[in-house]
Every structure is written in C-alpha cells, then in structure tokens.
Amino acid sequence: MPFSEVIGQDLAVSVLRRSIAMNRVSHAYLFSGIEGCGKKKTALAFVQAVFCGRDEACGVCSSCRKIASGQHPDLHLLEPDGAFIKIDQVRELQKELSYRPFEAPKKACIIDGADKFNLASGNALLKTLEEPPGNALMILITTERSTVLQTILSRCQALTFHPLPAALIEERLVRDQFPAQAARLAATLCGGSLKRGIEIATDGVLEGRVRFLERVLALELKDIAKVFAAAEEFAADKEGLPGLLELLLSFLRDVLIYRSTPEALANADLALLVEREASRCREVRVMELIEQLMNMRRMLARNVNARLALEVFFMKLAAR
C-alpha cells in the first residue's frame, strides 16, 4: 500500500514523505478528517515506507508484503473496544511497544479512534506519547479532532485530511467497475468520503434512499403511530442509520439551495421531489431541520438512545 495508492491527500503525503527523506519522522502523529477520506490508508503507507527505509515503499519486500497482509509483527493496530478505548488496551499496547522490534527499524502502532479515549485510558497513554519506548512511531486517527483530549492533541504532530473532490471519487468508482451513472451520483452524495461513495454506489443503496426519503417526508403528526414505527424501524438498523441520515441531510441541503441554484443539486435525480419540498417549506424551517438533524447525529455518536432521538426528530419533520 504505497503512497501512490492514496488519492486526494497530496499535502499530507508530501509532508510525510519529506519527513522520511530528511530523517525527521516525529514520534507521534494525529491524522484527522472525515471517515473514508484516506487517513488509515495513508497511515499504513507511512509505516510501510518507514519500515522499508525509503520515502515510497517498494511494495515487494518482505516488510511491505507483511504490512499489506496485516501480519507484520512490529505494527500494532488499536481500535475502541465498544464505545471507548479502555485502559487495559492501552497497557497491552504499552507492553508491546516496550519490546525490541522483531525485524523493523522500530515499533509502530496505529490507533484508529483517538477521540474514543476516556480520561483514564487517555492519561495512561500520555507517558508513551511523551517518551515512546525504543523510538516507536505512533499514529492516531480521528474523525472528530475537536473531541480528542487536549493532552493527547498537544503531544502529536497534527495533519488534516480534507474531503476528496467528487471528480476523484467518481474516477475511482468507475475504475472499480461501478456503472458510470451510479458513480457520478454517489460521488456527489458521499460528502468527500470514498468509503461512503462505494457504499452508496453499491446495488440497492440508491433505490433504498428513494424509499427512505419518500417515507420520512410523508410522515404526519396526525398519524403519530407511523412516526413512532419509522423511528423504531430505522433505529434498529444501527449500521445503516448513519448513512441514511447523511442522505437525508444532503436532500435537505438541496431543498435549501433549490430556489437559488437548482443546477447545483447533489440529488439531481430527485429534482422533482426536491422542488416539491422546496415549495412546501420555508427556508427558515429547512435550516432548522438541518440544524436539528446535525445535532441528532452528534448525539447518536455519543451513544444516546437512537429510537428516542429519531422520534423527536421525526416529530419535528412531520410538523407541517
């Protein structure tokens, strides 16, 4: 997984490649950006290059092949166990990093979920961040830099990863054999996330989006049973719910901009539905719904009761 496989993050990649070439690799990095924009792929490419001993990994040596297969003994991956990264996980990582490398020039770890430390586990990590054993390389990844503990943030070199341009995502989707029309639409709807673009372009997702939008837009307070039923059904789909809410947010944004720039719709295939909602809703109401939807998404990220959160939002959406 060399740097050449990373798309749309030229600035971050150039910083990392230059640090290797100048032998000035920092001991700790924080990669922040939306989900699916290439943070983890870049982290793996960076470790691969460091272990390979060059600013662009060769991709064919034993070290490169082991990293690509997820089997390198000197690279450790850490993710939240449930909602948080627990102190026992940090202590186990510290133990692993304290050993001498098996074959690489140094130990390395990638912590995916730097915003998921609680106070205890975050404090446990601080000493390792300040004085990595054996000159270990630590890369922390987050989608929410603002929620990373300040004590962790201050000890890392921060790199920001930007949403990917729609044209790059469309090009990659077409290259990966997705139909051109689905690739184009997914690229405009995914918010700069290649991962999300792949999910949207997959068979059935675009059609499911239409059914979802038509159902929630038809909710009315006079039939409150349907409001509660919809909340219960969609809350039960824990994996699919964030994507559905992202699609609803995209649709509401289109409703907001329709009167001024109808040619800029992300949901171009739903122009008639957008037009209908724009004629029914005042701009101030659409703005309020967008704000409430974004607040709900933040609440769901903090593991509040999804069904109750959806009930409250759907009742506001159903109020005409």
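The lining of the second largest pocket is made up of eight nonpolar, four polar and four charged residues. This is a predicted model. About 260 Å³ of space lies in that pocket. The notes below cover this pocket, the largest cavity, helix α5 and a buried serine in a loop.

**Second largest pocket**

- The pocket is lined by 16 residues, and those closest to its centre are Gln 181, Ala 182, Leu 185, Leu 206 and Asp 269.
- Two elements, α8 and α10 (205–217), give two or more residues each to this lining.
- Helix α8 makes the largest contribution, with five residues.

**Largest cavity**

- One cavity of 30 Å³ or more turns up in a search of the whole structure.
- The largest cavity holds about 60 Å³ of space.
- Its lining consists of Leu 217, Leu 252, Val 255, Glu 277, Cys 281, Arg 285, Val 286, Leu 289, Leu 317 and Arg 320.
- By class, seven of these lining residues are nonpolar and three are charged, with no polar residue present.
- At least two lining residues come from each of α12 (241–257) and α14 (283–301).
- Helix α14 has the largest share of the cavity lining, at three residues.

**Helix α5**

- Helix α5 covers residues 119–130, twelve in number.
- From first C-alpha to last, α5 reaches 17 Å, close to the 16 Å expected at 1.5 Å a residue.
- Asn 118 caps the N-terminal end of α5. One of its side-chain oxygens lies 3.2 Å from the backbone nitrogen of Ala 120.
- The buried residues of α5 are Ser 121, Gly 122, Ala 124, Leu 125, Leu 126, Thr 128 and Leu 129.
- Those buried residues pack against three strands, β1 (28–32), β3 (108–112) and β4 (137–142). They also pack against two helices, α4 (87–98) and α6 (150–153).

**Ser 193**

- Ser 193 sits in the loop that joins α8 (180–189) to α9 (194–201).
- Its relative accessible area is 5%, so Ser 193 counts as buried, the cut-off being under 20%.
- Beyond its neighbours within four places in sequence, Ser 193 is in contact with Ile 34, Glu 35, Gly 36 and Ile 169.

How values were computed:
Residues are numbered from 1 along each chain as its sequence is written. This is a predicted model: local features need pLDDT of at least 70, side-chain atom pairs count only at pLDDT 80 or more; totals for chains, interfaces and linings use all residues. Side-chain values use heavy atoms; hydrogens and water are left out. On a 1 Å grid over the protein atoms alone, a cavity is a set of points where a 1.4 Å probe fits but cannot get out, and a pocket is an open set with protein on both sides within 12 Å along at least five of seven lines; lining residues have an atom within 4 Å of a point. Grid points are joined across faces, edges and corners, and a volume is the space filled by probe spheres set on the points. Helices (H or I, at least four residues) and strands (E, at least two) are DSSP runs, numbered from the N terminus. Ala, Val, Leu, Ile, Met, Phe, Trp, Tyr, Cys and Pro count as nonpolar, Asp, Glu, Lys and Arg as charged, and the others, Gly among them, as polar. The expected span of a helix is 1.5 Å times one less than its number of residues. Buried means under 20% relative accessible area, exposed over 50%, partly exposed in between (1.4 Å probe, protein chains only). Contact means heavy atoms within 4.5 Å. A polar contact is a pair of N or O atoms within 3.5 Å; within protein, one must be able to donate a hydrogen and the other to accept it, and residues adjacent in sequence count only if both atoms are side-chain atoms.
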